[in-house]
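Here is a short report for a first look at this structure. The sequence and the model come next, followed by a reading of how the parts meet and what surrounds the ligand.

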Amino acid sequence: MEINKGQLDTFRKLIENASSIVLIPHKNTDGDAIGSVLGWWNLLKNKGYEASVIVPDEVPANLLWMKGAGEIIVYENNQSLAERKLREAGLFILLDFNDIERCGDMAEVIKTLKAPRILIDHHPEPDIRIASLLFSETEVSSTCELSFLIAEALQWEDKLDTHAAECFYSGVITDTGSLSYNSSAPRTYRVVGELVARGIDKDKIHKELFQSNSLERMRLLGHVLANNLEVIDNLATAYITISKDELDKYQYRPGDTEGFVNYPLAIKGMDISALFTEKEKDKFVKISFRSRSNIPVNKYSETFFSGGGHLNAAGGEWYGKLDEAVQRFRDTFPEFLSRL
Ligand code: 5GP
Ligand code: MN
């Protein structure tokens with residue numbers, strides 16, 4: 001994979017001409033989204049540029065140790081400040097999503113603004129109206145891997161310090177399940193090697209990311225595995241449901257259900273997994289899908305749950321009741337599989 005020289009020149013020009021740069025990830029942020037915005041935030045600051053980060057909704061607690069996290073503006077918590085910053089921006093860099101609607105309510109504001117937009121992302125089939133300059137590569141593990149490759153191609157490596165490296169490393173690790181999937185390219189390991197060479201404390205990062213759970217989160221995981229896991233044997237499919245009442249009972253915080261969708265796939269014989277989380281009682285269900293090999297859960301989610309994502313990791317939405325979402329899945333998924 002090569003980064004296009006013409007695109008790099010355009011990138012340099014856009015950055016140099018911008019008075020202030022605003023970095024934006026998708027809503028429901030994860031390690032790759034926050035790792036990429038804060039990695040660039042550190043890198044741009046080290047290069048002497050003025051940059052800020054605006055995120056649509058609250059950042060999971062296990063990502064707040066990254067340098068710059070304290071300066072993140074959360075749109076849903078501070079709409080007036082966020083909107084002012086968005087209006088003042090001379091350039092937007094959008095990270096880890098392929099459709100502006102993934103910014104939630106913030107999308108409406110961004111769409112009205114004239115400042116140029118750059119996209120750096122690894123999701124398939126980006127909406128090309130999202131930005132005037134697109135770095136869109138599906139073969140990389142993560143937006144963080146792609147970000148490192150762009151920084152390297154720009155010859156900005158000397159400004160990629162330990163803090164920026166920690167951020168980019170976190171995105172590669174979280175988007176690959178600690179290098180267990182989506183990570184078969186030797187290039188990914190070269191990038192990891194380059195990041196480790198910048199003096200990051202790898203063990204500390206893994207502890208922050210994966211071993212900083214609240215007791216309530218661990219109890220919620222135990223509860224759903226024991227009581228809410230359903231298996232559809234003949235489809236090699238298993239899924240978990242979580243109601244809003246259960247989220248409340250276990251004092252749900254953003255990020256608490258991150259990774260739950262991977263557990264059903266750990267059962268021998270299962271190739272597809274889903275997680276249905278009722279975020280608003282009787283009104284809104286967030287869904288995650290995971291699969292193995294060439295089962296395109298992104299296509300399924302796009303067709304039946306207004307969603308999208310990657311071949312083997314996708315998400316969607318259902319505006320209605322939890323049991324309706326599950327019923328829709330049970331009604332439509334067998335036929336979807338049979339047509340593959
Ligand atoms: P997760 O299940 O971890 O939330 O998301 C898995 C993948 O699906 C990510 O790449 C994420 O960006 C994408 N995704 C999650 N929810 C949605 C959604 O509602 N719409 C679209 N288009 N993509 C989603
Ligand atoms: Mn990603």
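## Where the two domains meet

Three salt bridges are counted between domain 1 and domain 2. The model is predicted. One salt bridge pairs Glu-58 with Arg-253, and their closest N and O atoms are 2.7 Å apart. On the side of domain 1 that touches domain 2, five residues are charged, four are nonpolar and three are polar. Polar contacts add to the picture: four residue pairs, both residues at pLDDT 80 or more, are found across the interface of domain 1 and domain 2.

Now the wider layout. Domain 1 covers residues 5-210 of the protein chain, and domain 2 covers 215-338. Their C-alpha centres are 27 Å apart. How many residues of domain 1 are in contact with domain 2? There are 12, and they meet 12 residues of domain 2. Between domain 1 and domain 2, about 830 Å² of area is buried. Carbon and sulfur atoms give 41% of that area.

## Around the ligand

Ligand 1 has 14 residues around it. Which of them come nearest? They are Arg-102, His-123, Lys-286, Ser-288 and Arg-290. The table lists polar atom pairs between protein and ligand 1.

| Residue | Protein atom | Atom of ligand 1 | Distance |
|---|---|---|---|
| Lys-286 | side-chain N or O | nitrogen | 2.8 Å |
| Ser-288 | polar side-chain atom | oxygen | 2.6 Å |
| Gly-315 | backbone N or O | oxygen | 3.2 Å |

Taken alone, ligand 1 exposes 490 Å². The protein buries 84% of that. Lys-286 and Ser-288 thus appear twice here: they are among the residues that come nearest to ligand 1, and each has a row in the table. Gly-315 takes part through a backbone atom.

Key: Residues numbered from 1 in each chain as written. Chains lettered and ligands numbered in written order. Predicted model: local features only at pLDDT ≥ 70, side-chain atom pairs only at ≥ 80, totals over all residues. Heavy atoms only, no water. Domains from an automatic or database assignment. Contact = heavy atoms within 4.5 Å. Buried area = accessible area lost by both parts, 1.4 Å probe. Salt bridge = Lys/Arg side-chain N within 4 Å of Asp/Glu carboxyl O. Polar contact = N/O pair within 3.5 Å; in protein donor to acceptor, adjacent residues only side chain to side chain. Nonpolar A, V, L, I, M, F, W, Y, C, P; charged D, E, K, R; others polar. Near = heavy atom within 4 Å. Areas by Shrake-Rupley, 256 points an atom, 1.4 Å probe, with all protein chains shown as cover.
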